[in-house]
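Colleague: I would like to learn how to read a protein model step by step, with the general idea given before each case. Could we do that together?

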Amino acid sequence: MADYLLYAAQPSYFSAKVRACFQYKRIPYTELPFNFDRLRDVILPRTGMHLFPVVICPDDTTLQDSCDIVAELERRHPERPVVPEDPVLRVLALLFETYADEFLMIVGGYYRWVPEATREWALRMFAVLAGWGSQDKAGAQQVADMTAVQIESRLPAIGADRPETGAAIQACFERLCARLEEHFAADEFFLLGARPTLADLGMMNAMFGHLWRDPGPANDFLHRSCIRTGIWIDRMHAAAGEPADGALYVAKTLEPVLAEIGAAFGHMAAATLDAADRRLPSQAIGEVAKPGLGRIDTFLLDAPMNRPATSYTAWKLQRLIDAYRAVPAAQRAEADRLLGVAGMLDVCGRTPAWRLEKRDFKLYVASA
Ligand SMILES: N[C@@H](CCC(=O)N[C@@H](CS)C(=O)NCC(=O)O)C(=O)O
């Protein structure tokens, strides 16, 4: 079998999940580091977007979006599965992925772009990535400058540059790390039992590209104060050697980790669904969903936060609701208890009057 081609980057937020999936599943792949030429010649023409990671399969199919890439790799290569068979654990795995992708990205963005020394480093790092191996160094520099400006401009839009929001983001991060460290200190090696799952892929992804690698306060904190969490990140990033035969279960020490999800993300997730309820039903079935759902008033721990909501996040929450609906009656009570601990029972129990469907890398409004 020819290798899968993975267009990704070490410092990218969403690349580590896909890389760790290839690793854990022991699927042969070649990683082609993101640069300007690959963006212009492969990523843009194949997806119409400038986002990575992107995977080209041996049959020439293009995959985009880390969660769809992992789902498709799981479908094509069911051995060494990452999605738990148990319906309750499956909901939890998706919850971790959703929280890591949609909430912890705020934390990653904050630590990369707000501390001045990290920001200055990140600008240089972007230029290195775009230019490395490119035939068009001037074009690469231009794209690096543009991308950095675009990403940076999103921070004031969520208030991440305000001191009270910054303090809440730091508190969310440090509290989460403390709970993870306690979980691992109870001789747990992974989040949902004795082997890696999508929960580990998602959470490690959120840590690796920015928080664990970028020089700065988050990196310092993780390396100095969270020794076990750091080793778990490294193990997940080289996951080909990890065991695939252990049992999956919810350890007592996972519940405080789940509680941190609710404290940070519960209200934001519910407010995103409210925004989708207001906006999506007015769009015709079959239309491409408008990416923005307007701004929502939410809060992070005690800090008020006004931020844009997106159809993309609503779609991620829809996946979670679908997984919750698939839990059989006999396991409902256990699912409800754990989702209650995670502050996500309201979100999972909803019946949205809209539905989103992904085709050709785009979200469409479908009939509910
Ligand atoms: N939902 C997508 C998000 C991909 C994404 O945002 N990728 C970042 C790098 S990790 C990117 O390409 N950023 C460039 C930009 O936003 O223009 C996924 O999970 O793959």
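Modeller: We will go through the ligand site, some unusual backbone angles, two helices and a few single residues.

Modeller: This is a predicted model, in which local features need pLDDT of at least 70 and side-chain atom pairs count only at pLDDT 80 or more, while totals for chains, interfaces and linings use all residues. Residues are numbered from 1 along each chain as its sequence is written, and side-chain values use heavy atoms, with hydrogens and water left out.

Colleague: Which residues are around the ligand?

Modeller: A residue is taken as near a molecule or strand if one of its heavy atoms lies within 4 Å of it. Here the residues around the ligand are Ser 12, Tyr 13, Phe 14, His 50, Leu 51, Phe 52, Pro 53, Asp 65, Ser 66, Arg 154 and Tyr 312. Sorted by class, this shell has six nonpolar, three polar and two charged residues, where Ala, Val, Leu, Ile, Met, Phe, Trp, Tyr, Cys and Pro count as nonpolar, Asp, Glu, Lys and Arg as charged, and the others, Gly among them, as polar.

Colleague: Which atoms of Phe 52, Asp 65 and Tyr 312 lie close enough to the ligand to be listed as polar contacts?

Modeller: A polar contact is a pair of N or O atoms within 3.5 Å; within protein, one must be able to donate a hydrogen and the other to accept it, and residues adjacent in sequence count only if both atoms are side-chain atoms. For Phe 52, a backbone N or O atom lies 2.8 Å from a nitrogen atom of the ligand. For Asp 65, an N or O atom in the side chain is 3.0 Å from an oxygen atom of the ligand. For Tyr 312, a polar side-chain atom lies 3.1 Å from a nitrogen atom of the ligand. Taken alone the ligand exposes 510 Å², and the protein buries 87% of that, with areas from the Shrake-Rupley method with a 1.4 Å probe and, for residues, only the protein chains shown counted as cover.

Colleague: How should I read the backbone angles in this model?

Modeller: As a general idea, most residues other than glycine have a negative phi, and most peptide bonds are trans. In this model a cis peptide bond joins Phe 52 and Pro 53, with omega about 10°, and Pro 53 is found in the loop between α2 (36-47) and β3 (54-56). Helices (H or I, at least four residues) and strands (E, at least two) are DSSP runs, numbered from the N terminus. Asp 65, in the loop between β4 (62-64) and α3, has a positive phi near 85°. Arg 26, in the loop between α1 (15-25) and β2 (29-33), has a positive phi near 55°.

Colleague: Is Asp 65 buried or exposed?

Modeller: Buried means under 20% relative accessible area, exposed over 50%, and partly exposed in between (1.4 Å probe, protein chains only). Asp 65 counts as buried because its relative accessibility is 9%.

Colleague: How do I check the span of helix α14?

Modeller: The expected span of a helix is 1.5 Å times one less than its number of residues. Helix α14 (residues 329-341) has 13 residues and should therefore span 18 Å, which agrees with the 19 Å between its end C-alpha atoms. Its buried residues are Ala 335, Leu 338 and Leu 339, and what covers them includes α4 (87-102), α12 (254-279), α13 (311-325) and α15 (345-348). After α14 comes Gly 343, whose phi is positive, near 65°.

Colleague: What about α4, and how many of its residues are buried?

Modeller: In α4, 14 of its 16 residues are buried. At the N-terminal end of α4, Asp 86 acts as a cap, with a side-chain oxygen 3.0 Å from the backbone nitrogen of Val 88.

Colleague: Which residues does Thr 253 contact?

Modeller: Contact means heavy atoms within 4.5 Å. Leaving aside neighbours within four places in sequence, Thr 253 is in contact with Glu 182, His 183, Ala 186 and Glu 188. The side chains of Thr 253 and His 183 are joined by a polar contact of 2.8 Å. Thr 253 lies in the loop between α11 (227-237) and α12, and counts as partly exposed because its relative accessibility is 22%.
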